[in-house]
Amino acid sequence: MRIDLHCHSTASDGTSSPAGLVAEAAAAGLDVVALTDHDTTSGWAAAIAARPPGLTLVPGAELSCRWHGGPWPISLHLLAYLFDPAEPALAGEMARIRASRETRAERMVHLMRADGIDVTWAEVLEHAGGGTVGRPHLAQALMRRGLVDTVSEAFLPEWLGHRYRVGKEDLDVFDAIRLVLGAGGVPVFAHPRASIRGPVVPDVAIEEMVGEGLFGVEADHTDHTPAERAHMRAIADRLGLVVTGSSDYHGTNKTVRLGARTTAPEVFEQIVAAATGSGVVA
């Protein structure tokens, strides 16, 4: 079985619609794909309706979180699988984070316009198509003007990485784990050692997350070096965590392809068995 447990659609910052994503997953030879848009479940219904025969869909989300245990807060992401999307506490916090993302993006547009870049908020919203607004939507606006060639270039410090970057609200990671568990979901730490993205939390933070109910770590990720993958596998083995692998697919916003990293069938079965909020769609 080929299992990819981390993919994005136009419901957040991917470029494939939820229906298009499941079609692409089937065409790529995947047996199982997870839809894990940022802080939203809005793509679930369309993906479920369009699921091709033979493809198993795992409804999920990627939650924007922060760890406050060091000298400064560190942002991180938590993958939540098979939770109840109607559970009030988690749904309410996800709505709050989405609203924060939108406010943040609008402020970034104002900063760019103040520098003479003619990006408009109406344009960004139109291209987000009702999905969770994120920096990739702003990057695409810069690309349309020929100011940058790729999303990665737009994320450099002279653009959205620093000059026009605005902070956003996040969930405390321990609160996020408790909320996911309270909604019957399964929490997995996304790309925990991706130092290429910026500061990463220390091992002690992962130990503390396990104490709150963390179920696994996404060790096999494109942004991890071989040494980082090995380090995370050693931690998972020591702490009794499952290890997942995923593409973190964003369509044309990134070069990584569906199925670039995969999860072992026995790990997938453990995740499904642990969930009580919702089930896979097969």
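A residue counts as buried when its relative accessible area is under 20%. Keep that cut-off in mind for this predicted model.

**Stop 1: helix α3**

Select residues 88-114, which form α3. Color the buried positions: Leu-90, Met-94, Ile-97, Ser-100, Arg-101, Arg-104, Ala-105, Met-108, Val-109 and Met-112. Many spacings in such a list follow from helix geometry. An α-helix has 3.6 residues a turn, so residues three or four places apart point the same way.

Now check the length. At 1.5 Å a residue, the 27 residues of α3 should span 39 Å. The C-alpha atoms at its ends are 39 Å apart, so expectation and model agree.

Go to the N-terminal end. Glu-87 caps α3 there, with a side-chain oxygen 3.2 Å from the backbone nitrogen of Ala-89. Then jump past the other end. Gly-116 follows α3, and its phi is positive, near 90°.

**Stop 2: what covers α3**

Which elements cover the buried residues of α3? Show β3 (56-67), α4 (121-128) and α5 (135-144). Add α7 (157-161), β5 (171-172) and α8 (173-182). The cover includes each of these six elements.

**Stop 3: α3 against α5**

Keep α3 and α5 on screen. Their axes lie 10 Å apart and meet at an angle of about 30°. Angles under 35 degrees count as roughly parallel, so α3 and α5 are roughly parallel to each other. Their crossing is right-handed. On the α3 side, select Arg-104, Ala-105, Met-108, Val-109 and Met-112. On the α5 side, select Arg-135, Leu-138 and Leu-142. These residues make the contact.

**Stop 4: Arg-178**

Move to α8 and pick Arg-178. Is Arg-178 buried or partly exposed? At 39% relative accessibility, Arg-178 counts as partly exposed. Draw two distances from its side chain. One is a polar contact of 2.5 Å to the side chain of Asp-175. The other, at 2.9 Å, joins it to the side chain of Glu-212. Next, label Asp-84. Its C-alpha atom is 13 Å from that of Arg-178, although 94 residues separate the two along the chain.

**Stop 5: His-224**

Finish in the loop between β7 (216-220) and α10 (226-239), where His-224 lies. His-224 has a relative accessible area of 3%, so it is buried. Its side chain reaches the backbone nitrogen of Arg-193 at 2.9 Å. Leave aside its neighbours within four places in sequence and show its contacts. They are His-191, Pro-192, Arg-193, Ala-194, Glu-218, Ala-219, Arg-229 and Met-232.

Technical notes: Residues are numbered from 1 along each chain as its sequence is written. This is a predicted model: local features need pLDDT of at least 70, side-chain atom pairs count only at pLDDT 80 or more; totals for chains, interfaces and linings use all residues. Side-chain values use heavy atoms; hydrogens and water are left out. Helices (H or I, at least four residues) and strands (E, at least two) are DSSP runs, numbered from the N terminus. Buried means under 20% relative accessible area, exposed over 50%, partly exposed in between (1.4 Å probe, protein chains only). A polar contact is a pair of N or O atoms within 3.5 Å; within protein, one must be able to donate a hydrogen and the other to accept it, and residues adjacent in sequence count only if both atoms are side-chain atoms. Contact means heavy atoms within 4.5 Å. The expected span of a helix is 1.5 Å times one less than its number of residues. Axes are lines fitted to C-alpha atoms, for helices over the stretch in contact, and angles run from 0 to 180 degrees between N-to-C directions. Angles under 35 degrees count as roughly parallel, over 145 as roughly antiparallel, 65 to 115 as roughly perpendicular and the rest as oblique. A crossing is left-handed if the near helix is turned anticlockwise from the far one by less than a right angle, and right-handed if clockwise.
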